[in-house]
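This briefing sets out the computed geometry of one protein chain for the computational chemist. It moves from the chain as a whole to a single helix and then to individual residues.

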Amino acid sequence: MTVSAGSAGWYLRRLSRMGPREIGGRTADAVRRRRWRSAPPDCPSATGARFTAVLPAGTIAAVPPDAAKRLVAEADRLMAGHAEFFGVGRDDLADPDWWYDPKTGRRAPEGHAFDVPYRNEDVAGDIKQIWELSRHQYLTVLAAAYALTGDERYAERVAGHLRSWWEANAPLRGVHWTSGIELGIRLLSWVWIRRLLDGWPGAAGLFEDNPVALHQIWHHQRWLAAFPSRGSSANNHVVAEAAGQFAAACAFGWFPASARWRAEALRSLERQLRSNTFGSGLNRELATEYHGLVLELGLAALAEADTAGVPVPAPVRLVLLRMTDALAAVVDGRLRPPRQGDADDGHGLVVDGAGTDRWASLLATGDAVFGRLAWWPAVTGTDVRTPLLAALIEPALTEPAEPSVTRPASRPAHFADAGMTILRAPEETGGTGGTGEIWCRCDGGPHGFLSIAAHAHADALSVEVRHDGVDVLADPGTFCYHGQPEWRRYFRSTLGHNTLELDGADQSVSGGPFLWTRHARSRVLVADASGAPGAATARWCAEHDGYRGSVHRRRVELTAASRELRVVDEVRGPRRAVRLAFHLGPAIAADLTGDRAVLAWTRDGEDRSAALDLPGQLSWRAHRGESDPPLGWYSAGFGRKEPATTLVGTGFTDGAAGFTTVLRFFD
């Protein structure tokens, strides 16, 4: 059954996933909203405000020339009015309408923020399109271009857009005052805009000497202090809220409440970083892009703390260290991490141009701040953000309480708390060009984070396989959140992943686009990612109970010598209809004959191929770019999708032998 966010059924299901404390907090929020309507406060004075959180001398000179060139090229595109957000081009950035959605052509309604139905695309448009521009991360790019070049055109454009936004978005009016994560990220952007514009003569007049700016900054912080994400919603959103609040209270500490806001935000940041992160360092939402977002936010907050001389609890640095090591551990040979769970292209701090590798940038920053380990993959790309953050953050773990911290001596492959295992057959050189790394992610972890598992997919026991960084058996991605329910259902469905579906149902039960009301429970039985002593085969086995009355168990074996991946699926329980799906990456051409598919692709000008031998007990069909219902798609980024081949086998769970699939690479 489909339940849209905002319907009566959705509210009942959402309420069922809350505990008494969360219900009490949300009730208090409702009372506070009513009080704020009737008694809007005045911003206190901030006489004598000065901005001192500047970059150290020589920081800009440390930016690599190629990274600076990419940034300036991006800034020039923005100056010409051009940008793209989530696959939709915009040519109106010279003078944007802050409430306009270019995808649907709708404009969000005016009125009090608490009355805006922002989840209803028919009324408000695609809210992601409207919110993204007002995170002002394109303005941090323009401000960085000014810092690098001294060209005042960039600074003047930033100033004009900020003044326009402040005038159009008075506190508590309209769609940009409805979501805490948006306010938090926007505050972080403003801090960096002020920092990067510091050499511009108009910087003080734009910020600390500008009553309108002071009014906006204060109201943003007051909102975040009053309405934090709570309980079952305390995921990456609450980290963004705390990071933005903390950054602003450090850099813009001009108000009577600044010290209190700073202390409260730091306590929240410590608590939420710990609760959102497994001990292994992986993000508990099990959505890789949110691992990146939370790590970026945490590093940005750490930079503000060290710049302001605010002592940071040791666990904050420790969590960020573990997150960085975990990221280094899971990426493939091309520095691509898993494509697990939801992904919405969200960033914490943007000061780089197009073509900069996000994950290489994070690893470069981790190297500068924490130091790389011997087993880390090499990072060859450059970025602007790393030298800026590294100039502000005190390097390494310096707290006396941390000498017992140990980092992995070798590259971790199994993350027991997250249920993630990475199997690898390493790259080999020689012959006519060598062989590429085979990288395989096996998923035997929890179904997301907290009671609603908002960003989880119904992907228990799914596998994701790459050859030299090319998606062969691909996780199709996310594509959308709001407004297109049939596509949202598909991209997070069991059929939409490389796993087995029974009776046409998902393993976990959805109650809405960000709500799961019953979670499949998985457990890993075997995780020998390196292979047994003297052997060259890595093994993994796990099972889940998502289908009541049946248990799905999957075994995966990767043999380096034969370049072969074997997947065996077994179902214990009554006879049931089965669909087994394998989603190929968009670069893969497939020729399916019976139960064998010959795969072909090109990497760096070289032809590659593989054979996929599929279970003969099932009837196999290739699907590509189908829309009714959706099947055979790949989403490289939020708002974008392209046809890709999906192989689906249908049949029944008769017999005890299981379903065996073998993927052989011909390097």
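For the charge count, Lys and Arg are taken as positive and Asp and Glu as negative, while His and the chain ends are left out. On that basis the chain carries 74 positive and 78 negative charges, and the mean positions of the two sets are 6 Å apart. The model is a predicted one.

**Overall architecture**

- The chain contains 17 helices and 25 strands.
- Its radius of gyration is 25 Å, close to the 26 Å that the globule rule gives for 667 residues, so the chain is as compact as a globular protein of that length.
- Along the principal axes, the C-alpha atoms occupy a box of roughly 80 × 60 × 50 Å.

**Burial, contacts and surface**

- Of the 667 residues in the chain, 59% are buried.
- Among contacts with a separation of 6 or more, 72% join residues that are 24 or more positions apart.
- The exposed area of the chain is about 24500 Å², of which carbon and sulfur atoms supply 51%.

**Helix α8**

- Helix α8 covers residues 180-196, which amounts to 17 residues.
- From its first C-alpha to its last, α8 reaches 24 Å, close to the 24 Å expected at 1.5 Å a residue.
- Buried residues account for 17 of the 17 in α8, so this helix is largely enclosed by the rest of the structure.
- As background, an α-helix has 3.6 residues a turn, so residues three or four places apart point the same way.

**Residue H291**

- H291 is located in helix α13, which spans residues 288-308.
- The relative accessible area of H291 is 4%; because the cut-off for burial is under 20%, H291 is classed as buried.
- Setting aside residues up to four places away in sequence, H291 touches G281, L282, N283, M323, A326 and L327.

**Residue R173**

- R173 sits in the loop between α7 (152-168) and α8.
- With a relative accessible area of 39%, R173 is partly exposed, a class that lies between the 20% and 50% limits.
- Beyond its neighbours within four places in sequence, R173 is in contact with W99, G111, H112 and A113.
- R173 and L148 are separated by 25 residues in sequence and by 35 Å in space, C-alpha to C-alpha.

Key: Residues are numbered from 1 along each chain as its sequence is written. This is a predicted model: local features need pLDDT of at least 70, side-chain atom pairs count only at pLDDT 80 or more; totals for chains, interfaces and linings use all residues. Side-chain values use heavy atoms; hydrogens and water are left out. Helices (H or I, at least four residues) and strands (E, at least two) are DSSP runs, numbered from the N terminus. The radius of gyration is taken over C-alpha atoms; the globule rule is 2.2 Å times the number of residues to the power 0.38. Buried means under 20% relative accessible area, exposed over 50%, partly exposed in between (1.4 Å probe, protein chains only). Contact means heavy atoms within 4.5 Å. Accessible areas come from the Shrake-Rupley method with a 1.4 Å probe; for residues, only the protein chains shown count as cover. The place of a charge is taken as NZ of Lys, CZ of Arg, CG of Asp or CD of Glu. The expected span of a helix is 1.5 Å times one less than its number of residues.
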